[in-house]
Amino acid sequence: METTLPILSMSVAAAASAAAVFPKIKARVELSRAKHRSLAGHSKMSRRVAKLLPFYEFGENDYFACDGAPANIATQRKDGFFRLAALYAERYPKGRATTKEAADKISDLNFTESYRVPFQFSRLVREHLGTSTFVASSSGVTVTDVDGNTSYDLTGSYGVNIFGNDFYKECIEGAERRAHALGPVLGPYHPVILDNVQRLCRISGLDEVSFHMSGTEAVMQAVRLARYHTGRTHLVRFAGAYHGWWGDVQPGVGNPIPAHETYTLAEMSEKTLRVLRTRKDIACVLVNPLQGLHPNANAPGDSALVDSSRGGNFDRAAYTEWLKKLREVCDQRGIVLIFDEVFVGFRLAAGGAQEYFGVKADMVTYGKSLAGGLPVGVVCGRRELMRRFRDDRPADICFARGTFNSHPYVMTAMDEFLSRLASPNFLAIYDGLEETWNGRAQKLNRMMEDADLPVRFANFSSIWTVKYTTPSRYNWMLQYYLRAEGLALSWVGTGRLIFSLNYTDADFAEVAERFVRAAAKMKADGFWWHDGALTNKQIKRQILKEMLSRRLAR
Ligand SMILES: Cc1ncc(COP(=O)(O)O)c(C=O)c1O
């Protein structure tokens with residue numbers, strides 16, 4: 001894929017001519033060409049750009065008219081905004097007050113409260129559209145907050161909730177009962193661990209297992225082992241893919257220092273395959289299959305929803321083809337292929353993404369749902385890759401520990417989860433799953449189209465993202481209209497809706513109706529007004545202009 005960043009194009013072109021002469025330069029050029037052209041593909045550049053972006057915000061005058069909307073539309077939008085604010089104030093008094101208090105002391109909440117919408121709009125939203133982070137109970141596919149409001153849960157608990165919250169409550173209850181006699185004794189194992197290991201080996205088709213406390217740690221360990229056994233330094237991750245928050249897998253914005261042993265390459269690209277075929281320093285390739293829904297793009301949070309260019313389209317055949325090619329090149333080059341199934345594992349098929357795509361990995365990481373609602377990370381791998389020592393070099397070990405690894409309560413909860421999954425009756429849940437969720441997405445897309453609303457959905461089974469069909473700077477407002485209709489989204493907003501598989505057709509029909517109602521209200525309030533000529537490109541240019549003028553004004 002050619003880079004369109006001018007500076008990079010120039011340097012790539014200049015280096016290309018020297019490439020025939022100098023193999024090292026050639027390898028360097030090939031590496032540059034295998035990067036995705038977006039900022040997500042250029043970690044160093046994205047960090048530099050992030051440092052340059054100035055803060056600015058819209059005052060009340062331009063807040064509702066930053067796209068050039070006439071005064072009557074701006075008034076309509078403002079009325080809509082403050083109508084929602086009044087509704088929220090009435091509906092979430094306790095939740096709002098406690099959220100505000102907690103955000104002052106809980107750094108995580110302070111961050112998420114500030115990054116729900118593009119920063120230019122954030123202050124007014126924080127002041128007026130605060131809802132409740134505090135929920136009191138869950139049941140079926142709904143959650144009830146501390147003010148007693150019940151909403152449909154579209155958060156999926158970051159992906160943990162595959163089978164419905166009641167399923168996990170049962171797992172945890174059963175786990176507590178069975179681990180109680182041992183209690184929190186660490187070091188020795190609860191005997192149930194053997195069943196878990198056997199089941200995990202069967203599911204993954206791999207030989208050995210290691211237990212960790214989070215998905216991030218599982219990925220760290222898989223990469224460390226790949227480096228140890230190949231004797232090579234670099235990991236390859238794909239542009240936009242999330243693998244936890246450890247430095248080596250987060251080389252761009254968010255990590256204050258560069259990751260020197262990470263190559264971020266374009267996914268679904270022949271140029272990437274060429275790099276894998278030729279470089280000698282690549283230990284492993286990390287794949288997050290969720291990227292099949294939006295290859296080479298970051299997780300689509302609403303804080304980045306500055307226009308309507310957010311993509312999303314899952315092409316199962318094309319992604320399968322890509323994984324097969326990766327498998328082939330990794331085999332040829334002795335590169336360890338790691339599927340990071342922390343998010344999608346157990347959601348697509350009982351055998352996870354390997355089964356779903358029909359492609360085997362050398363190592364697989366799992367997490368999220370696997371411990372029946374308790375925290376966990378797991379690595380499964382081929383025996384020779386999982387070994388942490390060498391027979392002929394006793395001091396050359398690959399270290400990994402963790403105080404809470406293999407915690408008895410986590411192990412019994414995992415057994416509760418895996419034994420339910422193993423029952424033939426339960427397995428029926430995967431029958432026709434893809435068709436069900438594709439059908440639901442199609443249905444809702446049709447409803448939006450029939451109602452002449454600029455909202456569409458792309459889905460990867462039960463994981464959905466919302467796309468917008470007309471250029472707008474206000475799409476991020478939809479999450480607040482949805483909340484008003486009793487649809488609860490996670491802090492990333494409409495970028496990711498995660499359905500649990502216990503949504504019945506009737507539940508889904510109710511959600512669909514509420515979605516359409518929310519979008520219709522947002523439209524009626526003028527948030528999707530546009531003059532007919534506005535394009536996403538113009539919006540981006542406008543934002544660039546705003547930023548430049550703020551920087552120059554300093
Ligand atoms: C694919 C993937 N890998 C790793 C992680 C990190 O897992 P954890 O948050 O448990 O550290 C996540 C979390 O969202 C993930 O989606």
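**Notebook: one chain, one ligand**

I began with helix α11, which lies across β4, β5 (234–238), β7 (282–287), β8 (336–340), β9 and β10. Its direction is at about 30 degrees to β10. I note here that the model I am reading is predicted.

**Entry: the ligand**

I looked up which element gives the largest share of the shell around the ligand. Helix α11 (residues 215–230) does, with 3 residues. I then listed the surroundings: 14 residues surround the ligand, and the closest are S214, G215, T216, G244 and V342. Sorted by class, the shell holds 5 nonpolar, 8 polar and 1 charged residues.

**Entry: the sheet under α11**

I traced the strands that α11 crosses and found that they belong to an open sheet of 7 strands. The order is β4-β10-β9-β8-β7-β5-β6, and the pairing is mixed. I asked myself why one side of β4 and of β6 is left without a neighbour in the sheet. β4 (208–212) and β6 (262–265) stand at the edges and have a single partner strand each, so one side of each has no neighbour there. Neighbouring strands of this sheet are turned against each other by 20 degrees on average, with direction ignored.

I picked one pair in the sheet for a closer look. Strand β9 (residues 363–367) pairs with strand β10 (residues 377–381) in the antiparallel sense, over 5 bridges. Within this pair, V364 of β9 stands opposite C380 in β10.

I also checked helix α10 (residues 193–204), which lies across β4, β9 and β10. The helix α10 runs at about 60 degrees to β10, whereas α11 runs at about 30 degrees to that strand.

**Entry: strands β1 to β3**

I moved to residues 135–153 and took the strands in turn. Strand β1 (residues 135–139) and β2 are antiparallel and share 4 bridges. V135 stands opposite D145 in β2. The two strands make a hairpin with 2 residues between them, where G140 has a positive phi near 55 degrees.

β2 also pairs with strand β3 (residues 150–153), again antiparallel, over 3 bridges. T142 has Y152 in β3 as its bridge partner. This second hairpin has 4 residues between the strands, and G148 in the turn takes a positive phi of about 90 degrees.

Which residues of β2 are on the covered face, and which on the uncovered one? In β2 (residues 142–145), V143 and D145 are on the covered face, while T142 and T144 are on the uncovered face.

**Entry: the hairpin of β11 and β12**

I looked up one further hairpin. Strand β11 (residues 455–460) is joined to strand β12 (residues 463–468) by 6 bridges, and the two run antiparallel. N459 has W464 in β12 as its bridge partner. There are 2 residues between the strands, and S461 in the turn has a positive phi of about 55 degrees.

**Entry: the whole chain**

I left the overall figures for the end. The protein chain has 21 helices and 14 strands. Its C-alpha trace spans about 80 × 70 × 45 Å along the principal axes. I compared the radius of gyration with that of a compact globule: for 554 residues such a globule would have a value near 24 Å, and the chain has 24 Å, so the two agree. Buried residues make up 45% of the 554. Of the contacts between residues at least 6 apart in sequence, 77% join residues at least 24 apart.

Notes. Residues are numbered from 1 along each chain as its sequence is written. This is a predicted model: local features need pLDDT of at least 70, side-chain atom pairs count only at pLDDT 80 or more; totals for chains, interfaces and linings use all residues. The radius of gyration is taken over C-alpha atoms; the globule rule is 2.2 Å times the number of residues to the power 0.38. A residue is buried if 20 or more other C-beta atoms lie within 10 Å of its own, exposed if 12 or fewer, and partly exposed in between; C-beta atoms are placed from the backbone. Two residues are in contact if their C-beta atoms, placed from the backbone, lie within 7 Å. Two strands pair if DSSP finds at least two bridges between them. A residue is near a molecule or strand if its C-beta atom, placed from the backbone, lies within 6 Å of it. Ala, Val, Leu, Ile, Met, Phe, Trp, Tyr, Cys and Pro count as nonpolar, Asp, Glu, Lys and Arg as charged, and the others, Gly among them, as polar. Axes are lines fitted to C-alpha atoms, for helices over the stretch in contact, and angles run from 0 to 180 degrees between N-to-C directions.
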